[in-house]
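Q: I'd like to learn how to read strands, sheets and helix packing in a model. Could you take me through one, feature by feature?

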Amino acid sequence: MNTPTFSNYINGEWVAVSKTFENRNPANTDEVVGLFAKGTAADMTSAVEAAGAAFPAWSAMPGPARGAILFKAADILDKQFDQLGTEMTREEGKTLPEAKGEVRRAINIFRYFGSEGSRLPGLLVPSERERVHMFAIRKPIGVVGLITPWNFPIAIPAWKLAPALVCGNTVVIKPASAAPLSAWRIVEALHQAGIPKGVVNFVAGSGSELGHAMVQAPALKAISFTGSCEIGNWLHGEASKRRLRIQLEMGGKNPTIVLADADFNSAVENVVNASFFSTGQKCTATSRAIVEDAIYDKFVDAVVARTSKLKIGDGMKAGIEIGPAVDEAAMNGILKYIDIATKEIGAPKCGGKRLTGEGFDKGFFVEPTVFADVKESNTIAQEEIFGPVLAIMRAKDFEDAMRIANNIPFGLSSSIQTTNLSRAFEYIYRSEAGLLTVNLPSAGVEYQLPFGGTKESSFGPKEQGPAALDFYSDYKTVYLKY
Ligand code: NAP
C-alpha cells in the first residue's frame with residue numbers, strides 16, 4: 001500500500017509538498033501512517049498573512065452562519081467516526097476505545113461551539129443614568145495561532161479551533177509532529193464544510209522553526225498553546241514582547257488523595273485508571289497517590305495486584321488496556337525516570353522495564369510501574385514523567401495528605417477518594433489545582449465546563465465550556481443615550 005501524503009493547508013489551498021516527515025505507528029514502527037509536509041518559516045508567515053486577510057469577512061459573518069459551518073464539519077467527522085478512531089490509535093498508540101471516545105468528544109465539541117454561534121453572550125445591564133442604554137458585545141481578537149500536543153491529537157485541536165472560529169477569529173494551527181493526522185482531518189472537514197479561504201490554515205513541521213515564525217508574524221494577535229512547560233514558558237516570553245494575548249496549558253504532577261474511609265475497591269480502580277490508561281500520557285493523569293496511613297499497606301498491595309494484570313500491547317487489538325509510549329524519545333524519558341527512582345527509592349513494586357519479545361519489539365512499550373514509599377523530596381514526586389509511572393506516598397492523616405498534595409509547583413488536576421462529605425468539601429476549597437474530582441479518576445473531563453490549571457501548569461483564561469469565549473473574544477462596551 002502506498003503511504004499517503006498530507007499537505008499543508010494555506011489560504012484555502014492544499015499546498016504542493018516538497019519536504020516531508022514521517023508519522024509512524026508507535027506500536028509497530030514498520031508502519032508509516034502518513035508522510036506530512038514539513039512546513040517552513042515562510043509557510044507559517046504566509047499562513048498568518050492569509051488568516052489576516054480573511055479576518056474582516058469572517059468576523060463580519062453572523063455568528064449563527066459561522067456556527068452552521070462548525071455543525072457541518074461535525075457531521076463530516078461523524079461520518080468518518082470509525083476511520084478517525086483507527087487512525088488515532090495508529091498514530092498515537094492509545095487503545096481503539098480510548099481513541100473513539102476522543103473522536104466522539106471532538107465531534108461534540110464542534111456541535112457545542114457551533115450552537116454558541118447563536119448566543120455569543122454579551123452583557124446588558126441597567127444604567128444609573130436616565131435614558132441611557134448600556135451593553136457590551138463580544139468581538140473577536142483577530143488571527144490566533146494554535147499549537148497542540150500529541151496526547152489528545154483530535155480533542156485539543158477541536159477545543160481550540162471550534163471556539164476560536166465561532167467567535168469570529170481566523171486561525172493557523174500547528175499540530176504536534178508525533179501525531180498530526182487527527183488535526184489534519186478536522187481541517188479537511190472544515191474545508192469540505194465550505195469554510196472560506198484563509199479562515200483556517202494548517203502548517204505541520206518543526207515546532208521550533210514554525211513556533212519562532214508564528215510568534216513573529218506581524219498579523220498574529222494571540223496564541224493558544226498546550227504542551228510542555230519548557231516551550232510554553234519560552235512562548236510566553238516571546239509573546240509578551242509583542243503584547244500578544246496568550247493562553248498556556250502545560251504540565252502537571254497530579255495527586256490523588258486516598259483516605260481510609262474511601263470505598264476501597266473503587267479508589268484502587270480510580271487510581272489505576274488515572275495513572276495508567278492512555279499510557280499515563282494524559283496531562284490530568286495521576287502520578288502521585290497520597291494514601292492515609294491506616295490503609296496504606298493494603299492499598300499498595302491492591303494497586304500492585306491490579307496493575308500487574310493490565311493488558312499491554314497494540315491498542316488496535318481487542319482487550320488491550322495500555323498502548324505504547326508515543327515515540328522512542330518519550331519511552332526513553334520514562335525509562336530514565338524509572339532508573340532515577342530505582343536509585344533514589346529502590347526497586348519498583350511492579351513493572352519498571354521496556355517490554356520486549358513478540359508483539360513488543362517494534363513498539364515503545366513500557367510496563368506500568370508502581371513505586372511505593374516515595375518521599376516528597378524524590379525526583380518522581382516532583383517532576384512530570386508523562387508516562388505509566390505511579391508514586392505512592394504515605395500520609396499521616398487528611399491534613400498531611402492535603403499538605404503533600406499542594407506542596408508542588410504544579411496545579412493542573414487533583415482527586416480525592418473519600419466517603420466523608422466534610423473532608424470532600426474541605427479538599428475542594430483548599431486544593432490548589434484547577435480541576436478537581438471526587439471519587440472519580442483525576443483524568444476524564446467533559447467539554448461543557450472550564451478546563452485548565454493553576455500555578456505553573458497554566459497561564460491565561462481557561463479553555464472549554466463558556467469560559468473558552470473569554471480567551472477568543474473581547475468585550476466592546478457601549479453607552480447609548482436615547
Ligand atoms: P511539547 O514538546 O511542548 O510540544 C507541544 C507543541 O509545541 C507541539 O506542537 C510542538 O511541535 C510545539 N513546539 C515545539 N517547540 C516549539 C517552539 N519552540 N515554539 C512553538 N511550538 C513548539 O509538548 P508535547 O511533548 O507535545 O506534550 C506533552 C506535554 O503537554 C506534557 O507536559 C503535558 O503535560 C502537556 N499537556 C498539557 C495539557 C493541558 O491541558 N494542561 C494537555 C495535554 C498535554 P513538535 O511536535 O513539532 O515538536
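Q: Let's start with a pair of strands. In which sense do strand S6 and strand S7 pair, and over how many bridges?

A: Happy to help, and do keep in mind that this is a predicted model. Strands of a sheet pair through backbone hydrogen bonds, and the sense is either parallel or antiparallel. Here S6, residues 123–126, and S7, residues 132–140, pair in the antiparallel sense, with 4 bridges. To find the pairing on screen, start from Leu124, which stands opposite Phe135 in S7.

Q: How many residues lie between the strands in the hairpin of S6 and S7, and which residue takes a positive phi?

A: This hairpin has 5 residues between its strands, and Arg131 takes the positive phi, near 55 degrees.

Q: Which other strands form a hairpin, with 2 residues between them?

A: That one is made by S4 and S5, with 2 residues between them. S4 covers residues 20–25 and S5 covers residues 28–37, and they pair in the antiparallel sense over 6 bridges. Two landmarks help you follow the ladder: Thr20 stands opposite Ala37 of S5, and Asn23 stands opposite Gly34 of S5.

Q: What is the strand order in the open sheet of 3 strands, and what is its pairing?

A: The order is S1-S5-S4, and the pairing is mixed. The edge strands, each pairing on one side only, are S1 (5–6) and S4. You have just seen the antiparallel part, between S4 and S5. The parallel part is S1 with S5, joined by 2 bridges. Look for Thr5, whose bridge partner in S5 is Leu35, and for Phe6, whose partner there is Phe36.

Q: Which residues of S4 are on the covered face, and which are on the uncovered one?

A: Phe21, Asn23 and Asn25 make up the covered face of S4, while Thr20, Glu22 and Arg24 make up the uncovered one. While you are there, look for helix H3, residues 81–92: H3 lies across S4 and S5 and runs at about 100 degrees to S4.

Q: What is the order of the open sheet of 6 strands?

A: Reading across, you get S15-S16-S14-S13-S18-S19, with parallel pairing. Its edge strands are S15 (369–371) and S19 (435–438), each pairing on one side only. From one strand to the next, the twist averages 20 degrees. For a closer look at one pairing, S18 (residues 413–417) runs parallel to S19, and 4 bridges join them. Ser413 stands opposite Leu435 in S19.

Q: Which strands does helix H10 lie across, and which does H13 lie across?

A: H10, residues 296–308, lies across S13, S14, S15 and S16, running at about 170 degrees to S16. H13 lies across S13, S18 and S19, and runs at about 170 degrees to S19.

Q: At what angle do helix H12 and helix H13 pack, and how far apart are their axes?

A: H12 (residues 398–406) and H13 (residues 421–430) pack at about 25 degrees, with axes 11 Å apart. An angle under 35 degrees counts as roughly parallel, so H12 is roughly parallel to H13. Their crossing is right-handed. At the contact, Phe398, Glu399, Met402 and Asn406 of H12 meet Arg423, Glu426, Tyr427 and Arg430 of H13. By class, that contact has 3 nonpolar, 1 polar and 4 charged residues.

Q: Is Asn254 buried or exposed?

A: Under 20% relative accessible area counts as buried; Asn254 has 2%, so Asn254 is buried. Its place is in strand S13, residues 254–258. Beyond residues up to four places away in sequence, Asn254 touches Cys283, Thr284, Ala285, Thr286, Ser287, Arg288, Leu412 and Ser413.

Q: And Ala51, is that residue buried or exposed?

A: Ala51 is buried, with a relative accessible area of 0%. Ala51 lies in helix H1, residues 41–60. Leaving aside neighbours within four places in sequence, Ala51 is in contact with Val143, Thr170, Val171, Val172, Gly198 and Asn201. To practise with distances, try Ala51 and Pro163: they are 112 residues apart in sequence and 16 Å apart in space, C-alpha to C-alpha.

Notes. Residues numbered from 1 in each chain as written. Predicted model: local features only at pLDDT ≥ 70, side-chain atom pairs only at ≥ 80, totals over all residues. Heavy atoms only, no water. Axes fitted to C-alpha atoms, helices over the stretch in contact; angles between N-to-C directions. Parallel < 35°, antiparallel > 145°, perpendicular 65-115°, else oblique. Left-handed = near helix turned anticlockwise from the far one by under 90°. Contact = heavy atoms within 4.5 Å. Nonpolar A, V, L, I, M, F, W, Y, C, P; charged D, E, K, R; others polar. Buried < 20%, exposed > 50% of the residue type's maximum accessible area, 1.4 Å probe, protein only. Pairing = 2+ DSSP bridges.
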